[in-house]
2 protein chains.
Amino acid sequence: MPDEVAPLPIEELARAIEAEDQSAIRSIAEDLHYADLAHIYQEVDDEKHSMFLKTIGPEIAADMIVQLPDSMIEEALDHFKPAELKILFHELSDDDRVDVLQDVGDEARLRYLGLLGPEDEELTRSLLRYEEDTAGGRMTTRFGRLFANMTIKEAIDMLRREQENTETLSRIFVVNAKGQLIGRIRLRDLAFNTWDTPVRDIMKEVGPEQCILATADQEDAANLLLKYDLIVLPVVDEFGHLLGIITHDDAMEILQEESTEDMEKFAGIAGEPVEETYLQASVLTHFKRRFVWLFFLALLAIASGYVMMRFEGTLMKIFLLSLYLPMVVAAGGNTGGQASTMVIRAMSLGELVAGTASRVLWKEFRLGAILGCTLGCSIAALTIFILPAFRPQLPEGVTFFRFGLTVAIALAAQITTSTVIGALLPLGARAIRLDPAVVAAPAITTLVDVSGMVIYFTIAQAVLGL
Amino acid sequence: MPDEVAPLPIEELARAIEAEDQSAIRSIAEDLHYADLAHIYQEVDDEKHSMFLKTIGPEIAADMIVQLPDSMIEEALDHFKPAELKILFHELSDDDRVDVLQDVGDEARLRYLGLLGPEDEELTRSLLRYEEDTAGGRMTTRFGRLFANMTIKEAIDMLRREQENTETLSRIFVVNAKGQLIGRIRLRDLAFNTWDTPVRDIMKEVGPEQCILATADQEDAANLLLKYDLIVLPVVDEFGHLLGIITHDDAMEILQEESTEDMEKFAGIAGEPVEETYLQASVLTHFKRRFVWLFFLALLAIASGYVMMRFEGTLMKIFLLSLYLPMVVAAGGNTGGQASTMVIRAMSLGELVAGTASRVLWKEFRLGAILGCTLGCSIAALTIFILPAFRPQLPEGVTFFRFGLTVAIALAAQITTSTVIGALLPLGARAIRLDPAVVAAPAITTLVDVSGMVIYFTIAQAVLGL
């Protein structure tokens, strides 16, 4: 956070809550951004929640509650009476209202739906049909919508009447008589043209590539907004009817969430990212998400140990092999992790469309071979020219040159294999419609640990004639 | 990419370029988005570039060139004559123009600066002073700016005159006579109020927390836009003078870039992400970014091997220890990686402000202890109840119970240590103003490999009395 984010009003509010000074709370809260209010709400003691919510009232609380972690929403709503909840839900934009209702229990959801007016209830129920992570689940229906045959005068009158119900007027969409999306218009075009101009004359056509199906993945929606530098992306059904819009701030949130999710998967952390911040989440919450992979990877790692045991004889004959064993194994994990990260990131940036898998594998194969040979030669040189100075034991008939050669070949083979596996697994996961990030770094590392043991000892046996 | 992104016009254009059908190129290119044009430009043969650029002309080429990878920009500009370049640079918004000039060689930059009109040249030179990754380096100065003492009528007249020069009118900022930022106003407030209302009466005040210093990090700017759901963030100097704005699409790009950078660092990939896509970047480019860490981590891994050699005697006495050796070592890498990823991500989401380090370490210590004890007990149970069925060799006096106990204690110690190290290293890196992501997963994994070897063998010696 930059220095100029003045912490003063936030601290003042925290103090006012501590002192239960209601008039101070009310006056500070009115000027604070809802993101800051939500932050403070989570910081203060739970016993203060009820007093705080009642003091700021349902209007201000509405936007704040949307910003809370999912798990805290129902508890927060419980502090309000039905009449206050009516005001609160009315205050929310429809996409936020749907988000909130998706985060509470079934019983509460039904109760809250009954508090909405018939119109809002119908709209909310129709939005609840879309999955939370689809374009439809993220869209708002509060936006400026005009008909193509209106004049600018009629358009401005209509927008002015509805301005309380629109989330953004940065882009206004134009539909035909059937409600199908045909164009968009900017508020400035309305402001800067004569009042009898028909909307149709100044609108820009919207092609099918600049809107998205309600059932599409939210990440696709965010990527479209990013690619085309859009402020708003219209959401349509399969017949082209304009259903809603996704705004740039939703897109930023989606991208941020998806990046967090990917990174956590890369680190072998299971499940969806929790909504609580790192410090808020309990040790138990963290534990559950970390233990799953840790346990399965530990079992898998016993396979490496088993391979090592099987090669007991080889290791006994030249114990010096153990000097490079961790290196050969780890180099596979590192290059496999690099390859999988690059491939997974390229996929989620939309760079790897279908049909490029063979180009990816060919690229990673060459890369693996070059990386492996370069590292192999470096370590061989080290072995041949520097290692003898330490006078380690080598059995009769094994020269340092031959020993270096063994390590070099093993490294080259292990790194090439691991790099290809690192690229292959996410590609394979995608092909069978799994999330590629699931097979990321830790899984690959543990897998190539096993192959590394086999490769190293087999090559040692062959080259050193053991 | 969703299905409804019709590939048709893009493919048509590619075919027209192949056939050098200039009139077709021109008519298709006019309707295509510059992001798509840039995509096609990179896909076609290099020999077609000159023809393609000349056919679409400098006006259309301008926005497209901004979207190209840095390394391709100078070559693209070289195809134009000075008179065309003048048009091209005039067409660019000032932040894009600065971006382009930052990506070309010094000689070319001076030459291009000479082509700008005196006003544009001065502006561009002043913007070039800011580092590319600061708020100032990202801002545009093309935005709506009004004075507080204007009426709405005067304001609309001023905006209409300047509308060609403004990138967005979604937010219009209000300054005092000294040029200091005091408020903001929405275009709809201008459109929906009477013409003699003074701007001051309908503007909303902008507090110091809703703008950013020009010298601040671009990631802080993007996080502010995200936190407060802003479309535009005003950029000021230390005296509060309004210098420019950062728009939501810049913020999305910044967040995307920073996420990519973090993920790549997590995987031990060195340097800044390249602007080329994964497939476009050459094998050599990939090689350079991957080899650095691979090499240093390989050298570090020799330390693990050295430890293993030092414990040759212990391993010889109970070779069954090798069955669990890779598991104990890998469990440390996995938990260390999990801890560092969680901490680094929490940092870059701005969740861990200064002074929280001890809370983080205490949380990770407890987590590590619980993870370690749980996994240790599971593996001990496996060792005591299932391992005997395979009749492995244990020396006289060593029971399966005692062997299981050894592994459990070693796992608990290794996992607790690694989890704390995984959290400590990024916190430490930040404290000495290094990027925390640099010490991410692969470095920690290799480090705790060494500690894991020491812990495992030392505990085995102690518990088994070797």
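This is a chat about how two chains of a predicted model meet and how chain A is laid out.

User: Hi! Anything I should know about the model before we start?

Analyst: It is predicted, so local features need pLDDT of at least 70 and side-chain atom pairs count only at pLDDT 80 or more, while totals for chains, interfaces and linings use all residues. Residues are numbered from 1 along each chain as its sequence is written, chains are lettered from A, and side-chain values use heavy atoms, with hydrogens and water left out.

User: Cool. How many residues of chain B are in contact with chain A?

Analyst: 125 residues of chain B touch 125 residues of chain A, where contact means heavy atoms within 4.5 Å.

User: And how much area do they bury between them?

Analyst: About 11,300 Å², with 70% of it on carbon and sulfur atoms. Buried area is the accessible area (1.4 Å probe) that two parts lose on being put together, summed over both.

User: How many salt bridges link the chains?

Analyst: There are four between chain B and chain A, counting a side-chain nitrogen of Lys or Arg within 4 Å of a carboxyl oxygen of Asp or Glu. One pairs Lys227(B) with Asp36(A), whose closest N and O atoms are 2.9 Å apart.

User: Switching topic: which domains does chain A have?

Analyst: Domain 1 (8-129), domain 2 (138-256) and domain 3 (283-464), with bounds from an automatic or database domain assignment. The centres of domains 1 and 3 of chain A, taken over C-alpha atoms, are 51 Å apart.
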